[in-house]
Amino acid sequence: WETGHWLTGRLGSTPLDGLVWTVLADSGIGHVDTSELGDGAHGYVVDRPMTPRAMLDPLALAFAFDAFDQDGVLRFRQRGGLPVAELTDDDLVLPDDGGPVRLVRGQESGLPREVTLGFTDIGADYLRAAATSRRLVGGSSRSAHADLAVVTSDGEATRRAEIWLQDLWAGRESADFALPRSKLALAAGDVVRLNVNTRRRLFELQEI
């Protein structure tokens, strides 16, 4: 069923925050905040002993989230949030040499043009299936594949493949810059808008 009975429709999915919290709690890991995670899959299979990192990495790939240590708490955040600060040339600290921002842009040839996600299809008697997303433009000929222990629908798996591909291409550009102590409130996982040389870009802080 595409929509399902009203009862099974209500009980048929797994909230991502609860799933990640349960995986960590079962592994004896506390001081965790998963409240910023959104919708999850219908189910998730852990079929052999593995580390919590090995359990969560496939989920992070499919549902585009990261984990950061902040004030002694392991916080999980969905990527692509709204910017929490806007930075201009006046906010940046000039280094001893070079410009205020070092921008690095990855080559198209190193990025996949097509990605495929393997999953368990809840609408096809729990058989294994695959969902594909492909870029129609670009000079890359590479492909990427991930086999996930996620139970979901074909439509949702296709959506996750599209998000994964977009995420890979959006992350091809990185920036390195310095900020004054007045910006200490910014933390890993925050999204900022950087205005440099009349161009506006969105960046997620990955490392401080």
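This is a short tour of the structure, stop by stop, for use with a viewer.

**Before you start: confidence**

The model is predicted. Colour the chain by pLDDT. The average is 86, and 93% of the residues score at least 70. Now select residues 6-11, which are helix 1. Confidence in the chain is lowest here, at a mean of 51. Where pLDDT is low, the predicted coordinates should not be read in detail. Then select strand 8, residues 127-134. Confidence is highest there, at 93.

**Stop 1: two helices side by side**

Select residues 16-26 for helix 2 and residues 52-63 for helix 3. The two pack with their axes 10 Å apart. The angle between them is about 165 degrees. Angles over 145 degrees count as roughly antiparallel, so helix 2 and helix 3 are roughly antiparallel to each other. Helix 2 passes helix 3 in a left-handed crossing.

Which residues make the contact between helix 2 and helix 3? Show side chains to see them. Helix 2 brings Leu16, Leu19, Val20, Val23 and Leu24. Helix 3 brings Pro52, Met55, Leu56, Leu59 and Phe63. By class, this contact has 10 nonpolar residues, no polar ones and no charged ones.

**Stop 2: a hairpin**

Move on to residues 65-70, strand 3, and residues 73-78, strand 4. They pair in the antiparallel sense over six bridges. Together they form a hairpin, with two residues between the strands. Click on Asp71 in the turn: its phi is positive, about 55 degrees. Now look across the pair. Asp66 stands opposite Arg77 in strand 4. Ala67 stands opposite Phe76 in strand 4.

**Stop 3: the sheet around the hairpin**

Add residues 32-36, which are strand 1. What is the order of the strands in this open sheet? The order is 1-4-3, and the pairing is mixed. Strand 1 and strand 3 are the edge strands, each pairing on one side only. Neighbouring strands in this sheet are turned by 25 degrees against each other on average, direction ignored. Bring helix 3 back into view. Helix 3 packs on the sheet and touches strand 3 and strand 4. The direction of helix 3 makes about 120 degrees with that of strand 3.

**Stop 4: strand 9 and two partners**

Select residues 142-152 for strand 9, then residues 43-44 for strand 2. Two bridges join them, and they run antiparallel. Find Tyr44: it stands opposite Val150 in strand 9.

Next, select strand 7, residues 112-121. Does strand 7 run parallel or antiparallel to strand 9? The two run parallel, joined by eight bridges. Pick Val115 and look for its bridge partner in strand 9, which is Ala144.

**Stop 5: a second three-stranded sheet**

Finish with residues 85-87, strand 5, and residues 199-204, strand 12. Add residues 191-196 for strand 11. These three strands form an open sheet in the order 5-11-12, with mixed pairing. Strand 5 and strand 12 are the edges, and each pairs on one side only. On average, neighbouring strands of this sheet are turned by 25 degrees against each other, direction ignored. Strand 11 and strand 12 pair in the antiparallel sense over six bridges. To see one pair across them, select Val191, which stands opposite Glu204 in strand 12.

Technical notes: Residues are numbered from 1 along each chain as its sequence is written. This is a predicted model: local features need pLDDT of at least 70, side-chain atom pairs count only at pLDDT 80 or more; totals for chains, interfaces and linings use all residues. Side-chain values use heavy atoms; hydrogens and water are left out. Two strands pair if DSSP finds at least two bridges between them. Helices (H or I, at least four residues) and strands (E, at least two) are DSSP runs, numbered from the N terminus. Axes are lines fitted to C-alpha atoms, for helices over the stretch in contact, and angles run from 0 to 180 degrees between N-to-C directions. Angles under 35 degrees count as roughly parallel, over 145 as roughly antiparallel, 65 to 115 as roughly perpendicular and the rest as oblique. A crossing is left-handed if the near helix is turned anticlockwise from the far one by less than a right angle, and right-handed if clockwise. Contact means heavy atoms within 4.5 Å. Ala, Val, Leu, Ile, Met, Phe, Trp, Tyr, Cys and Pro count as nonpolar, Asp, Glu, Lys and Arg as charged, and the others, Gly among them, as polar. pLDDT is the predictor's confidence in each residue, from 0 to 100.
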